[in-house]
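Reader: I should like a close look at a single part of this model, set in the context of its surroundings. Please give the criteria behind each term as it arises.

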Amino acid sequence: MDLQIHTENLGTQNKPQAAFETEDFEVSFGPQHPSTHGVLRLQLTLDGEVVIGCVPHIGYLHRDFEKICENRTYTQIIPYTDRLDYLGAMNNNFGYCMAIEKLMGLAIPERADYIRVIIAELNRIASHLLAVGTFVQDLGAFGTPLLYCFREREKILDIFESTCGSRLTYNYYRIGGVSADIPADFQKKVKEFIDYFKPKLKEYEDLMPLNAILLVRTKGIGILSKEKALAYAVTGPNLRASGVKFDLRKEEPYSIYPRFEFDIPVITTGDTWDRLRIRMDELYQSLRIIEQAIDNIPQGEHIAKVPKILKPPAGEIYFRSESPRGELGFYVISDGSTKPYRLKCRAPSFCNLAVISDLVKGVKVADVIAILGSLDVVLGEIDR
Amino acid sequence: MMDLPFILNFLLMCAKAAGLLGFVSISVMFLIWWERKISAHIQSRLGPMIVGWHGALQTIADTLKLLLKENIVCREADKLTFWLAPLVVFVASFLPFVAIPFSKNLIAQDLPLGLLYILAVSSVGVIGIFMAGWGSGNKYSLLGGMRTAAQIISYEIPLVLSILPIVMMTGSLSMNTIIGAQKNVWFICYQPIAFLIYFISAIAEVNRAPFDIAEAESELVAGFHTEYSGMKFSMFFLAEYTNMFVVSVIATTLFLGGWQGPLLPGIAWFLLKVYFLIFVMMWIRWTFPRLRVDQLMDFAWKFLMPLAFLNILVTALVMALIK
């Protein structure tokens, strides 16, 4: 008899009832928060420490890049591309200029090609360094790894400063080449950097797998499966960490990348640790490209003979290149005038960020930060 | 002291308290400057360099700035709790100084239950932290406060358990008796595991990295003291460094022979050992990432506690065998 009543009771109460009333907890992460990498706002719904929902709110940095471009000449647009992904500004310049050159059918001097590739890869190293540094900082290693990475990045910025005068938004590439020739000691400085950086990189490589706390915080956290990555159109290191061998430098070779020997590192698990590892691996590959290119810069012009007033023929083009964060695409429609009729930018961080709502369900608050940090998004190009 | 009239006794007490407070303030000021210098050199920077010799007066300048700042209490705050919290936290961190033996005779009051007293009063601080988290009316603060309450209560257990073997060996809770028992050999030689458990738990007790989930800069902005500014904030700061000092003192007393040492006077040895332990804590802070809250709990309950119990058991067995 007793038993019967008991089972009846169980049947009516599907959920175990809490002793007191509980409520979900809504927290806004950002837009003013130490680890949102810009002005991202994550609206988190928490059950204690566990995340049950996450809605990213973007747009705080919106500057209407695409509309502005319709009112600027093709050359005037270049500095605006700097401000998309400000950590990989050289690569943005690169992608945009290549798109317009392709639209115009412009051939550029070989020297310019070499300079562009070397600069773009140096920029990739600087960007990845920052990604690694800020990621470990987000895990709570306060300051030290970030400042180590900053120290290395500083050397690259010094090279850029001597080359084009700027340290963050370079405006260096031009349609047809680059704005100025490299300084006389450029090759020497880059080689010095490589000699300096290689042992340091080795040191970090050795250091990180030894740190038990780092491993326990990153391994198996925020696993992005191959299918999900492809479904969300995730690109760049995040995709390669999920086991897809896709790098536009190999898939759709542009500029002079086919001339160089380099590998596309791929890792299969797709957790935050892998996303950290893949960036470390890519640093080696970028160094390899620079090493092959630096001694072979041919003599000649640094910019092709381009008319003062650029008027690409009417038509449209989509050109995509591999920025440090993934597939950076520019879709340009020209009506034959000096300004583009329409310019659309496909920013890699935008797609990479979209995956976060899915990844953070059911993890702890601290893991949200780890996952966001490992995706390495730059809000400048998400909001545009 | 019982013979003195009440008023004299009271005055003496006040003088001792003032002396200790002065020592604590100066010590904390030094520690803040030291931490900034250490962190800077670990990170290949220079740190404060402008105010005074190598920025030695920087902390004084900062303290002045904090004193002159406006008192901000948010609308949503629970006013009384919000005001009381920093006081509770600081007082709890200051009370243990009564029983701290700086040197052979330099001790405010050698309580027969000194160790128990220190452990008891220093764990009151968690109430203050939770009050701050609750009283701020801020979600980050509340999360930080909850985390701290859970963390400190969890780590209190392995901390006390790691001390027990020492108490068993000396049969006393008086700080000076424990120091006296280490005349020939420091207890760290007999009890290395207990020392490690104690030190790890102590870092967690004072909320330092890698166990600083209560503040968790990159997750919870500043945790329980997100809404605090000015003098109230500096009370938390003062309490944090005072706590570091206290736990290092306990470690020194229990495991490193306290103020005993050759040549130098007792106070010098005492400070040397304490500051060395604080240096190790700083070193750890600027080197390691932070653990996640559940991993932290796992570590305390599933690893440190069984280990501490095992240590007690082994100590008891060995003691029984020797007898």
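Reader: What percentage of the contacts in chain B with a separation of 6 or more is accounted for by residues 24 or more positions apart? Please start there and then examine helix α13 of chain B closely.

Author: This is a predicted model, in which local features need pLDDT of at least 70, side-chain atom pairs count only at pLDDT 80 or more, and totals for chains, interfaces and linings use all residues. Residues are numbered from 1 along each chain as its sequence is written, while chains are lettered from A and ligands numbered from 1 in the order in which they are written.

In chain B, residues 24 or more positions apart account for 78% of the contacts with a separation of 6 or more; two residues are in contact if their C-beta atoms, placed from the backbone, lie within 7 Å. Chain B has 13 helices and zero strands, where helices (H or I, at least four residues) and strands (E, at least two) are DSSP runs numbered from the N terminus. The radius of gyration of chain B is 20 Å, close to the 20 Å that the globule rule gives for 323 residues, so chain B is as compact as a globular protein of that length. That radius is taken over C-alpha atoms, and the globule rule is 2.2 Å times the number of residues to the power 0.38. Along the principal axes, the C-alpha atoms of chain B fill a box of roughly 65 × 50 × 45 Å. Buried residues make up 44% of the 323 residues in chain B; a residue is buried if 20 or more other C-beta atoms, placed from the backbone, lie within 10 Å of its own.

Helix α13 of chain B covers residues 293–322. Its 30 residues should span 44 Å at 1.5 Å a residue, and the end C-alpha atoms are 42 Å apart, which agrees; the expected span is 1.5 Å times one less than the number of residues. Within α13(B), a kink of about 30° lies at B:L304, shortly before the proline B:P306. The bend at a residue is the angle between axes fitted to the seven residues ending there and the seven starting there. B:L304 is also one of the buried residues of α13(B), which further include B:V293, B:L296, B:F299, B:A300, B:A308 and B:N311. These buried residues pack against α6 (139–170) and α9 (192–205) of chain B, together with α15 (365–375) of chain A.

The contact between the chains takes 23 residues from chain B and 26 residues from chain A. On the chain B side, α1, α10 (217–220) and α13 each supply at least two residues. By class, that side has 10 nonpolar, six polar and seven charged residues. Here Ala, Val, Leu, Ile, Met, Phe, Trp, Tyr, Cys and Pro count as nonpolar, Asp, Glu, Lys and Arg as charged, and the others, Gly among them, as polar.

Helix α1 of chain B also belongs to a contact within the chain. The domain assignment of chain B gives domain 1 (1–68) and domain 2 (69–322), with bounds from an automatic or database domain assignment. In chain B, 16 residues of domain 1 are in contact with 16 residues of domain 2. To the side of domain 1 that touches domain 2, α1 (6–42) and α2 (58–67) of chain B each supply at least two residues, and α1(B) gives the most, with 11 residues.

How values were computed
Buried ≥ 20, exposed ≤ 12 C-beta atoms within 10 Å, placed from the backbone.
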